[in-house]
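Subject: Structure handover

Hello,

Here is the structure I said I would pass on. Please look through it first, then read the notes below it.

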Amino acid sequence: MARLPAGIRFIISFSRDQWYRAFIFILTFLLYASFHLSRKPISIVKGELHRYCAPVDKGEVRPDDQSQTASGIATHQLPDNKTDCGWAPFDQDNYPQLLGALDYSFLCAYAIGMYLSGIIGERLPIRYYLTFGMLASGTFTALFGLGYFYNIHSFGFYVVTQIINGLVQTTGWPSVVTCLSNWFGKGRRGLIMGVWNSHTSVGNILGSLIAGYWVSTCWGLSFIVPGAIVAAMGVVCFLFLIEHPKDIACAPTLVAHSKSYENGTHRFRLQKPAVPDEKLLDPETQCLLLSDGKRAVRQNHVVLLPATDGSSMAAISFTGALKIPGVVEFSLCLLFAKLVSYTFLFWLPLYITNVDHLDAQKAGELSTLFDVGGIFGGILAGVISDRLEKRASTCGLMLLLAAPTLYVFSAVSRMGLAATVAMLLLSGALVSGPYALITTAVSADLGTHKSLKGNSHALATVTAIIDGTGSVGAALGPLLAGLISPSGWNNVFYMLMLADACALLFLIRLIHKELSCPGSATGDQVP
């Protein structure tokens, strides 16, 4: 019999379950990358909405040489524009506040909606919920760009569009994290989700390149094209997303360590008796000490879990999710970490335009290096946390290094393009690493924490609480940057360094607890 071709041998070397898991990994990666792709255009277009003007002679104003290069062609003018400084109402001196308000309206709506999204997502099929969100997000992203073609200069129009878009985009994160966690167990979760979370940076890079292609000639397409991509991916989601391995008769990843019995009304979980010798206790139990620090808390032998039917448990409540150890601390840490990350996301191209004197398209392309650094930072954080089995300590180390790095960035970025490139890569890695780790592996760890006693209906709610709290910081960062930047970009960097210090502060207790424990089992390391 003839030897099988190498390609066929490669295909059959993997099981059916492994192929399905790889498919879900790639699909969810692309789905959420498209969400981030649609968020990036506003930061790229800012340099075109307000083009810096220089007086030529008495009574005449024209764009300076830098902005003329940025446009390449005559700007799409509105009839009542008194200057050629951009797109009204962003052509006035208060443009930083107006642009900051656009960011704030989107992110504030996103933060508020995220708290509700997780609760709703636990009670609806993920495929339908995510499909609706992607179609709606694509529609309102494109609607922002239509303002260019229909000469809409109402600030209220753009604000309302951003608010609704922020609300519908909250369907994405809890859905994809829950789906991925259903398919992948706790083993090497930091590495797997670190690689997977690079979709954030990939989406930002693609969004920057797509928006930058049209920003100088027809900025409306910088929104319409990403909007169409998100909507198209929504159709793909509806046709192909598989929420859980059991839906297609794949073997579950997690192997139960205790036997469960059901009587149709309640589920009884029989656990091994607590071992008197503390040396034999698992690391998490060793860390659950009383206030005197001398005696470990014993866990119950039989845990009674309510069930809505014979096979599933009730979804966790909002207050119940807050009681999971570590949720509050990581949520507050993410608030400040995301403040820093999203300030870069929304204001970095404009900063590069001002400091390095590049046009909007080139500044957008250069800003993608921050996201390239973010890819490596997220993967590095996942690998380190898996090896050390200490999520909080890994985040703390990167936050500690990020603050001085931001100071160096603010100082050397004015020295030339080469220095800017190097600092963009390093800053992207250190800023995005903790953010990526908390929103993925940490959220999944907490959503499957031992205190939940096997309740799988908590992951979306926990993820939404953590990311929703982080989104409050994401809303505040760009707004503060818009208010502070007129007084100098150095003050913006001081604000970012202070935010990093606050993020580290909220992890101090968890870091101390991790370092005082002899070790942590992967997936159960969050105290």
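Helices here are DSSP runs of H or I with at least four residues, numbered from the N terminus. With that in hand, four helices can be named that each give at least two residues to the lining of the second largest cavity: α2 (16-39), α3 (41-49), α6 (126-149) and α7 (155-168). Please keep in mind that this is a predicted model.

Cavities

I will stay with the second largest cavity for a moment. Its volume is about 90 Å³. The residues that line the second largest cavity include S38, R39, P41 and I42, along with F106, T141, F144 and Q162. N165, Q169, F223 and F346 are also in that lining. By class, six of the lining residues are nonpolar, five are polar and one is charged.

In total, the structure has eight cavities of 30 Å³ or more. The largest cavity holds about 170 Å³ of space. It is lined by 22 residues, and those closest to its centre are T200, N204, S341, D371 and S432. Four helices each supply at least two residues of this lining: α10 (199-214), α14 (327-356), α15 (360-388) and α17 (417-447). Of these, α15 gives the largest share, with six residues. Sorted by class, the lining of the largest cavity has twelve polar, eight nonpolar and two charged residues.

One covered helix

Is helix α8 mostly covered or mostly uncovered? The helix is mostly covered, since twelve of its twelve residues are buried. Among them are G172, W173, P174 and W183. The length of α8 can also be checked. The helix runs over residues 172-183, and at 1.5 Å a residue its twelve residues should span 16 Å. The C-alpha atoms at its ends are 17 Å apart, which agrees with that value.

Backbone

Three places in the backbone are listed here. The peptide bond from A88 to P89 is cis, and its omega is near 10°. P89 sits in the loop between α4 (65-71) and α5 (95-121).

The second place is A249, whose phi is near 60°, a positive value in a residue other than glycine. A249 belongs to the loop between α11 (221-240) and β3 (259-262). Its relative accessibility is 64%, so A249 counts as exposed, the cut-off being over 50%.

The third is E389, with phi near 55°, also a positive value in a residue other than glycine. E389 is in the loop between α15 and α16 (391-412). E389 has a relative accessible area of 24% and is therefore partly exposed.

Contacts between distant parts of the chain

Two pairs of residues are worth finding in the viewer. V235, in helix α11, and L135 are 100 residues apart along the chain, and their C-alpha atoms are separated by 7.8 Å. V235 is partly exposed because its relative accessible area is 43%.

The other pair is A441 and M193, which are 248 residues apart in sequence and 6.0 Å apart in space, C-alpha to C-alpha. A441 lies in helix α17. Its relative accessible area is 0%, so A441 is buried.

Aromatic rings

How many aromatic pairs does the structure hold? There are 31. One of them joins F157 and Y158 in an edge-to-face arrangement, with 5.1 Å from centre to centre and 80° between the planes. The pair is edge-to-face because the angle between planes is over 60 degrees. Y158 counts as buried, at 1% relative accessibility, and F157 counts as partly exposed, at 21%. F157 falls outside the buried class because that class needs a value under 20%.

Both F157 and Y158 belong to a cluster linked by ring pairs. The other members are W87, F90, F144, Y148, F149, F155, W219 and F223. Two of these names, F144 and F223, have come up already, in the lining of the second largest cavity.

Cysteines

A disulfide is a covalent bond between the sulfur atoms of two cysteines. The structure holds zero disulfides. As for where two of the cysteines lie, C250 is buried, with a relative accessible area of 6%, while C502 counts as partly exposed at 23% relative accessibility.

Regards

Conventions
Residues are numbered from 1 along each chain as its sequence is written. This is a predicted model: local features need pLDDT of at least 70, side-chain atom pairs count only at pLDDT 80 or more; totals for chains, interfaces and linings use all residues. Side-chain values use heavy atoms; hydrogens and water are left out. A disulfide is a pair of cysteine sulfur atoms within 2.5 Å. Buried means under 20% relative accessible area, exposed over 50%, partly exposed in between (1.4 Å probe, protein chains only). The expected span of a helix is 1.5 Å times one less than its number of residues. On a 1 Å grid over the protein atoms alone, a cavity is a set of points where a 1.4 Å probe fits but cannot get out, and a pocket is an open set with protein on both sides within 12 Å along at least five of seven lines; lining residues have an atom within 4 Å of a point. Grid points are joined across faces, edges and corners, and a volume is the space filled by probe spheres set on the points. Ala, Val, Leu, Ile, Met, Phe, Trp, Tyr, Cys and Pro count as nonpolar, Asp, Glu, Lys and Arg as charged, and the others, Gly among them, as polar. Rings of Phe, Tyr and Trp (its six-membered ring) pair if their centres lie within 6.5 Å; planes under 30 degrees apart count as stacked, over 60 as edge-to-face and the rest as tilted.
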